[in-house]
Amino acid sequence: MDFKKIFIKDACPTKIGGQAVLEGIMMKGADRTAVVVRLPDDRLFIRTQRLEPPGKASRIPIVRGVVNFVEMLIVGMKTLTYSAEVLEEYGPKEEGDSPLKKEEAKNGGFDAAILLAVVVAIAFVVGVFIIVPTIAVNWFQYFTDNTILLNLFEGALRIVLFIVYIVVISRMKDIRTTFEYHGAEHKTIHCYESGLPLTPENADTFETLHPRCGTSFLMFVMIIALLIFSLLGWPSLMYRILSRIVFIPLIAGLSYELLRYAGRADNLFIRVMSVPGLLLQKLTTKPPSRAQLAVAIAALKAVDVDESTPEIEGFCDGNGMLIVPIEEAAEDKPAIADAAGAPPPEAPDDTPVG
């Protein structure tokens, strides 16, 4: 692991971040998000959406971490669902109504479904990675009454379960492709923060690991949880389960602050604390293709715009610029294939990065 390529000395850290979606990437900028999906015929489909102005909670340390975590869960679920709908709508499919139109027709139901999915996801994470390790390690108290060792066993089991989960799902083809887009996201942000022109060739020279990655956030959560829970001793099983759940917001808030600090600082403490998360990123990121890097570049450029730039949706070029609005796409799909069927052009070498 070359820290010089991860904590780049002359880089200018930004708040731009993102996540991989199905066959694409979502980038989040200062005032908007952009989802770019590559279709099976190599066209790029884009949608940008303005973000709501940050509230007062975004300025309160620790609290902002909890708020950001919940918001990103919701946004992440929505963008994943949207990318699946785009692929279904504009890729090979059976006859039927447009999923995008169905979403517009039942926004209330769609939002309720997303909220339910988030609740189920949180319940799954809490159940598998919080409650199960706590119950499993309860048997260890018959072999030792050392509370430090017992909490250490619990934290270690939690980390092992998470790693096994990542390794298992990474064997799925779609997940591996998503991990490649995850790597493309990191390479592109590295390139942008280093001030180089955004081209697939330039981005490809950077590491797939990034200190501000959400994967590192999850590792921070598990490490801080281990430290905090160790201070609580080893009470009854029910009390331990309740305490683990109650402390989740505090742990998430502290992890978020540490991740923010890691993203803009480079010292021995940060490097040591970042190692577990960076090692975990080796599992959740894979080397991307140039085509996948082009998707990440289009998404980043679409959020690196003036505040007055309108929202867009439809087919775009390699610079994240709209070439066929969604209205035209719905009216005449055969014509779109002729107008936008060729692979999107790469960004010119002199493209400004802001």
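1. Let's start with a pair of strands you can find in this predicted model. Strand β5 covers residues 313-316 and strand β6 covers residues 322-325; the two run antiparallel and are joined by 3 bridges. To see how they line up, look for Gly-314 in the model: it stands opposite Pro-325 in β6.

2. Now follow the chain from one strand to the other. The hairpin of β5 and β6 has 5 residues between the strands. Gly-320 is worth a click here, as it takes a positive phi near 75 degrees.

3. Next, step back to the whole protein. You should be able to pick out 14 helices and 6 strands. Of the 354 residues, 45% count as buried. Among contacts with a separation of 6 or more, 70% are between residues 24 or more positions apart.

4. What about the outside? The protein exposes about 17,900 Å², and 64% of this comes from carbon and sulfur atoms.

5. One part of the surface deserves its own visit. Which residues form a nonpolar patch there? They are Trp-139, Phe-140, Tyr-142, Phe-143, Leu-149, Leu-152 and Phe-153, and together they have about 820 Å² of accessible area.

6. Finally, take a look at one member of that patch, Trp-139. You will find Trp-139 in the loop between α4 (107-137) and α5 (147-169). Is this residue buried or exposed? Trp-139 counts as exposed because its relative accessible area is 58%, and the cut-off for exposed is over 50%.

Methods
Residues are numbered from 1 along each chain as its sequence is written. This is a predicted model: local features need pLDDT of at least 70, side-chain atom pairs count only at pLDDT 80 or more; totals for chains, interfaces and linings use all residues. Side-chain values use heavy atoms; hydrogens and water are left out. Helices (H or I, at least four residues) and strands (E, at least two) are DSSP runs, numbered from the N terminus. Buried means under 20% relative accessible area, exposed over 50%, partly exposed in between (1.4 Å probe, protein chains only). Contact means heavy atoms within 4.5 Å. Accessible areas come from the Shrake-Rupley method with a 1.4 Å probe; for residues, only the protein chains shown count as cover. Two strands pair if DSSP finds at least two bridges between them. Patches are made of residues with over 30% relative accessible area and no salt bridge: like charges are joined within 9 Å, nonpolar side chains (Val, Leu, Ile, Met, Phe, Trp, Tyr) within 5 Å. A salt bridge is a side-chain nitrogen of Lys or Arg within 4 Å of a carboxyl oxygen of Asp or Glu.
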